[in-house]
Structure formats: C-alpha cells, structure tokens
Amino acid sequence: MDKKNIAVIFGGVSSEHAVSCVSAQSVIDNINRDKYNVYMLGITVDGKWYLFEGDTALLPKDCWLDTRFITPAFISPDSAAHGITVLRESGCEIIYLDAVHPVLHGKNGEDGTIQGLCQLAGIPFVGCDHLSSAMCMDKAFTNMTADIAGIRQAKWRAVLEYEYIKNPEAFLEEAVAYLDFPIFVKPANAGSSVGISKAKDMAGLKEAMAIAFKEDKKVVLEQFIDGFEVECAVLGNDEPQASTVGEILPAKEFYDYEAKYISGSTGLAIPAKNISAEKIEQVRSAAVQVYKALGCAGLSRVDFFVEKQSGEVYFNEINTLPGFTSISMYPKLWEASGVPYSELLDKLIVLALNRA
Ligand SMILES: Nc1ncnc2c1ncn2[C@@H]1O[C@H](COP(=O)(O)OP(=O)(O)OP(=O)(O)O)[C@@H](O)[C@H]1O
Ligand SMILES: [Mg+2]
C-alpha cells in the first residue's frame, strides 16, 4: 500500500500557540508511520510559515525555530499544487499532500481560516469545514444556533463594542435584569478562557467588559450555571459517535487558563463521577445534537454543565480542534471508549479522506 502524505500544521497566530505545539508533538509522535509520511508545517506567533525537519522534542517552547531545521514553506491555495510549496535555496519544491491535519487551537486555525485555505487548495483536512469552524469559534453564533436547534443553554446576551460604548449603563442594566449576578463575561472569539471573568456586581461587570473587549470586538454575557462541568468527544462525519463523558474537577473557582495549563490544578474524572448513568446518556445525545446542528465533521469536543440543583443538562461550548496532548480530554475520552490514541489519529485522517 502506498503511504499517504500528511501535513501536520502547528503553532499559529493565537493565544493558544504554545498549547498547539505541545498537542502537535503528541500527534506527530503517534501517527502510524507504516501508513503515513508526516510533514511538519509550523506557523510562528507572528505568522511566518516554515517546513520543520527536526526532532519533535523541539516543538514545545518554540525550540523548533532553529535555522538548521526550518525552511520557508506554505500551503499553496493553487489546487494544481495540492500541497506544500517549499522555498529551498536550491529552488522551489512542491510536496504533494493527501491530507492536512491542522493541530491549531483558537484564532487563525480553529476558526475556519486554515480550513478555507485547504478548501481552496482542494486538499482534504481533519475536522470541520470553514463555515462550521467559524460558527463554533464565535460564541454568539454558536449560542444562536443552539437556540434555534432547541438545545438548552444558559441565558445570554451579546454586544458589539461600538454599540456598547454608545451607552454602557443602559446595556448593562438590561443585561443584569435578564441574567442576574453572577454573570460570565467572555470575548465572542478567544478560547482557553482568555479574557473571561465572572462578575458579581456592577463594578465587576464593567471591569469584565473592558477585559473581554481587549480580546474581541464582540462580547457574550451568560447567566451563571452552578453545575458539574462535563465534556463529550464526538467523532465522525454523517453518523457521528459520542464517547463516554468526562468531568472536570476544578480546584479553582472556574476552569481558567491557569488551572488548565499552568498550575495543573485541575483533575479529570473519566467517566464523570458526579452524574448518573442516565445523565451521561443525556449528555452524549445532546453532544451529537449540537455537533449536527453546527454542521461539524471529523471531530469536536462538546462541553456541558449538569446543574447541581435540577440535574438539567446545559450546553456550554464546542471546540472543533480540542487540545490533543496525550493528557487532553478529547483523546482520553476516546481511549476510555476503546479507541487508543494512534487509532484515533488514523480514524481522523480516514474521515478527512472520505469526506473529500
Ligand atoms: N455560564 C457559565 N456558568 C458557569 N460557569 C461558566 C459559564 N461559562 C463559563 N464558565 C466557566 O468558565 C470556563 C471557561 O468558559 P468557556 O469554556 O466558555 O471558555 P473557553 O475559553 O472557550 O474555554 P476552552 O478553553 O474550553 O475553549 C468554563 O470551563 C467554566 O468553568
Ligand atoms: Mg471551555
């Protein structure tokens, strides 16, 4: 059997650049080399593209940016190229690609931009298409779609900065009357809890709005749900499958960037330990419902709250390119559901090729 050429794209112009490099290291180390040739395409934080030909141990902390191992390169939008254009000193080289696996998180990677490029180039890729990626990245569009699909979620409001600054008091008073304190304030497009705060009073709310507007021109406000935080991994194209459900056991007040990646103070329970088997089934079916409503393909991790008092399942958010390190929730959920990490990577590539 001929080996397929796969490009793993990592890094990116995103607040989650560092996480992407760690995810990519795990992905590249675990792709089945009997079936696939792997090319590593790195994007720096300021947007330069390079083919990286060194050891994957150099990926974390941007140690891969070493002139001995990198050559300017990019995915050409020209569908005749169907691959990577490498600008070698000796001349231009084209590497034909069968598929791209974007291991990018957040802006400029999870938001439909890379997906659009692959679509122009006619190269199959792992994960959701440009439209679905963009919808899932933007919390206002996600929430709007979930409302239309009849999926239960926290009450919410969204506002654009230029509207907000016309009369902040009027907007906030109406929002507080509708949502009640505490209120979660989030940039519509960010990820990894960057720019998110929990406001307990009007002064805190104003501050939270200012913090969120630093990340995006659109901000989403949400009613606080006092619940267990659970996540479900979905895999597939037309007939998506849901994994078992995992639970986040936070040490801090909420699952923020620090808790997630720095202090390591967050525990995971797989399967979720604070909710019943019946709730687990409800979460799994809601996860598939959300996935289909947003037109997802390949993979997504769908996150929920199970309200402590009522047991109701509330949709929180969906991540189309979830963290993929060996300790990340998405691959761990599939491992617990009988799909080991390498096999999962293979399934994702096959799903990409089948969709094309
Ligand atoms: N409406 C809410 N009620 C209660 N807690 C919330 C609410 N919204 C967010 N949180 C808390 O804040 C955290 C971050 O919010 P959210 O998941 O929406 O942001 P994110 O930055 O997109 O996260 P991710 O890194 O998963 O992409 C959640 O994991 C949860 O702990
Ligand atoms: Mg989240």
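**Notebook: sheet, cores and selected elements**

I began with the strands and found an open sheet of five, in the order E14-E13-E12-E15-E16, with antiparallel pairing. I noted next which strands stand at its edges: E14 (267-269) and E16 (313-319) have a single partner strand each, so one side of each is left without a neighbour in the sheet. I then looked up the twist, and neighbouring strands of this sheet are turned by 30° against each other on average, direction ignored. I record here that the model is predicted.

**Entry on E12 and E15**

I followed the pairing of strand E12 (residues 227-236) with strand E15 (residues 298-307), which is antiparallel and extends over ten bridges. I looked for the bridge partner of Phe-228 in E15 and found Val-306. I also checked what lies across these two strands. Helix H11 (residues 341-355) lies across E12 and E15, and I noted that H11 runs at about 115° to E15.

**Entry on the nonpolar cores**

I turned to the largest nonpolar core, which has 81 residues; Val-8, Ile-9 and Phe-304 touch the most other members. Where does this core lie with respect to domain 1 and domain 2? It lies between them, because domain 1 (4-125) and domain 2 (135-152 + 226-355) both give residues to it. I listed the contacts of Phe-304, leaving aside residues up to four places away in sequence: Val-230, Val-283, Ala-286, Val-313, Tyr-314, Phe-315 and Asn-316. I found another core apart from the largest one, with 19 residues, among them Leu-172, Ala-175, Ile-196 and Met-209. I set beside this the general tendency of nonpolar side chains to be buried together in soluble globular proteins.

**Entry on helix H1**

I examined helix H1 (residues 17-30), whose 14 residues reach 20 Å from the first C-alpha to the last, close to the 20 Å expected at 1.5 Å a residue. I found H1 mostly covered, with eleven of its 14 residues buried. The buried residues of H1 include His-17, Ser-20, Cys-21, Gln-25 and Ile-28.

**Entry on strand E9**

I asked how many of the five residues of strand E9 (residues 183-187) are buried. The count is five of five, and I recorded E9 as mostly covered. In a regular strand the side chains alternate between the two faces of the sheet. In E9, I saw Ile-183, Val-185 and Pro-187 pointing one way and Phe-184 and Lys-186 the other way, and all are buried.

I then looked up the partners of E9. E9 pairs with strand E10 (residues 197-199) in the antiparallel sense over three bridges, and Val-185 stands opposite Ser-197 in E10. Five bridges join E9 to strand E11 (residues 218-223), also in an antiparallel run. In E11, I identified Val-220 as the bridge partner of Lys-186.

**Entry on helix H3**

Which residues of helix H3 (residues 130-137) are buried? I found Ser-132, Ser-133, Met-135, Cys-136 and Met-137. I noted that what covers them includes helix H2 (113-121), helix H4 (139-148), E15 and E16.

**Entry on Glu-163**

I closed with Glu-163, which is found in helix H5 (residues 161-164). Is Glu-163 buried or exposed? I recorded Glu-163 as exposed, because it has 12 other C-beta atoms within 10 Å, and a residue counts as exposed at 12 or fewer. I also looked up its separation from His-101: the two are 62 residues apart in sequence and 38 Å apart in space, C-alpha to C-alpha.

Conventions
Residues are numbered from 1 along each chain as its sequence is written. Chains are lettered from A and ligands numbered from 1 in the order in which they are written. This is a predicted model: local features need pLDDT of at least 70, side-chain atom pairs count only at pLDDT 80 or more; totals for chains, interfaces and linings use all residues. Two strands pair if DSSP finds at least two bridges between them. Helices (H or I, at least four residues) and strands (E, at least two) are DSSP runs, numbered from the N terminus. Axes are lines fitted to C-alpha atoms, for helices over the stretch in contact, and angles run from 0 to 180 degrees between N-to-C directions. Two residues are in contact if their C-beta atoms, placed from the backbone, lie within 7 Å. A nonpolar core is a set of buried Ala, Val, Leu, Ile, Met, Phe, Trp, Tyr and Cys residues joined through C-beta atoms within 7 Å. A residue is buried if 20 or more other C-beta atoms lie within 10 Å of its own, exposed if 12 or fewer, and partly exposed in between; C-beta atoms are placed from the backbone. Domain bounds come from an automatic or database domain assignment. The expected span of a helix is 1.5 Å times one less than its number of residues.
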